[in-house]
Amino acid sequence: MSFKTIIEPFRIKMVEPITMTTEVQRKKFLEQAHYNPFLLNSDQVLIDFLTDSGTSAMSAAQWAGMMEGDESYAGARSWRRMEKVIHDLTGLKYVFPTHQGRAAERILYGYLGGKGKFFISNTHFDTTRANIEFSGAEAIDIPCIESNDTQSEFPFKGNMDVKKLEDLILKHKPKNIGGVILTVTNNSGGGQPVSMENAKLVSAVCKKYKVKLFLDCCRVAENSFFIHQKEKGYENKTYKQIAQKMFSLVDGAIMSAKKDALVNMGGFLALKDSSIAEACKNLLIITEGFTTYGGLSGRDMEAIAIGLEEVFHADYLLYRIRSTSFLGDRLHAMGIPVMRPIGGHAVYVDAKKFYSQIPVEQYPGQALVCELYLKGGIRSVEIGSVMFGKYDDVGKLIPSRMELVRLAIPRRVYTQSHIEYVIEVFEKLMEGKNKVRGYEITYEPKFLRHFTAKFKPV
Ligand SMILES: *Cc1c(COP(=O)(O)O)cnc(C)c1O
């Protein structure tokens, strides 16, 4: 017997109240936040879809694990448990804990990067790109051709363009390639999955030229669900076995545990090669902490170990992926241009299509982010020219490839009625959509400008 409704596979026994607000109040809050929702206070927000990062609800087992955390400086039991779970999952010999994903990125890409080096990825996540560029190296994105069409139903739009990968390695010479990074799922590229076939092809090219391949595995469990569902030959494998297969293709992995490890803080770096591991170990000790805690408390490591196992549970993954597509498919049916098919952790709205009257220089994505907040108290994030735009020599905007708005769904946090409310807010936005105007930037920092930039309506 099967039902249409996928119920949340958990009951709620602790609640966190949401502060209700009116549109009049939100208008003032948004002005005070300079039209950048990153600058809002969380209690000014009704539904927080800013990010799925570090916003998961932990399970009873994880909270119980927190109490058992071993806070010893060296050789803590909680570290050994976390290390064992990561070994088992990744098969990679050297594992280092870090306080979050970007710390692992800074250590690894700082070491392998530097002036004259190139990194190639299906799409670098913003902190990944920033850490690479900060080292002086260059980050090149080569998403597959299918990803250009936001409306195609191609199931693995997170794939890397393998032909371009080989061309780039030859063009820049293998010795100048700091690393190839496969991001699963492809966060900035729409939360789209990468197929096992693509990972195998990428791995084969990297082996051919002796270039290192790393997995940015923040959402490897969600990616495994899609492979199980959509790629031939994996129907009878468990989600964990699929992830293990993918890890067997790479030289190392970086994870922000704030995603698929179902915790609020943490990360790790795992490596195969002893000489890279040795260098990273030294950097870790200097900047993060000793090798058996790396910036984390024992209780954090305990929760990560438990979360990394829970995330592969079949009931959880089914609920997770189905509830994301529930929102996306409903918006799609209403005629809202969303990136198809719906990815794992988020729904991406094509703001350039939605607000076709707003030129990219006036940031249609920022306009949608502001409207969602004003009308419904929903916080989302622009993934377009505010995040990735650059300027040419005369200060003219070089826009991002796409102008998307991401509605990232925290894990195990919102119920179906929260989602129904979000759908209703979109119905309201449809009504007044032709009157909405764009924004201009009044302040921006040099790196990761979207976090702190200030705007004003044009
Ligand atoms: C979140 C994320 C990171 C960075 O991790 P933090 O824990 O936020 O530092 C890197 N890569 C991807 C794909 C991510 O989603």
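Me: What makes the link between the side chains of serine 385 and glutamate 403 a polar contact?

Reply: The two side chains come to 2.5 Å. A polar contact is a pair of N or O atoms within 3.5 Å; within protein, one must be able to donate a hydrogen and the other to accept it, and residues adjacent in sequence count only if both atoms are side-chain atoms. The value of 2.5 Å is within 3.5 Å, so the pair counts as a polar contact. This is a predicted model, in which local features need pLDDT of at least 70 and side-chain atom pairs count only at pLDDT 80 or more, while totals for chains, interfaces and linings use all residues. Residues are numbered from 1 along each chain as its sequence is written, and side-chain values use heavy atoms, with hydrogens and water left out.

Me: Why is serine 385 called buried?

Reply: Its relative accessibility is 0%. Buried means under 20% relative accessible area, exposed over 50%, and partly exposed in between (1.4 Å probe, protein chains only). Serine 385 therefore counts as buried.

Me: Which residues does serine 385 touch, not counting those up to four places away in sequence?

Reply: They are Tyr363, Leu397, Pro399, Ser400, Met402, Glu403 and Arg449, where contact means heavy atoms within 4.5 Å.

Me: How do you know that the side chain of aspartate 216 makes a polar contact with the ligand?

Reply: An N or O atom of that side chain lies 2.7 Å from a nitrogen atom of the ligand. This value is within the limit for a polar contact, so the pair qualifies. An N or O atom in the side chain of arginine 219 is likewise 2.8 Å from an oxygen atom of the ligand.
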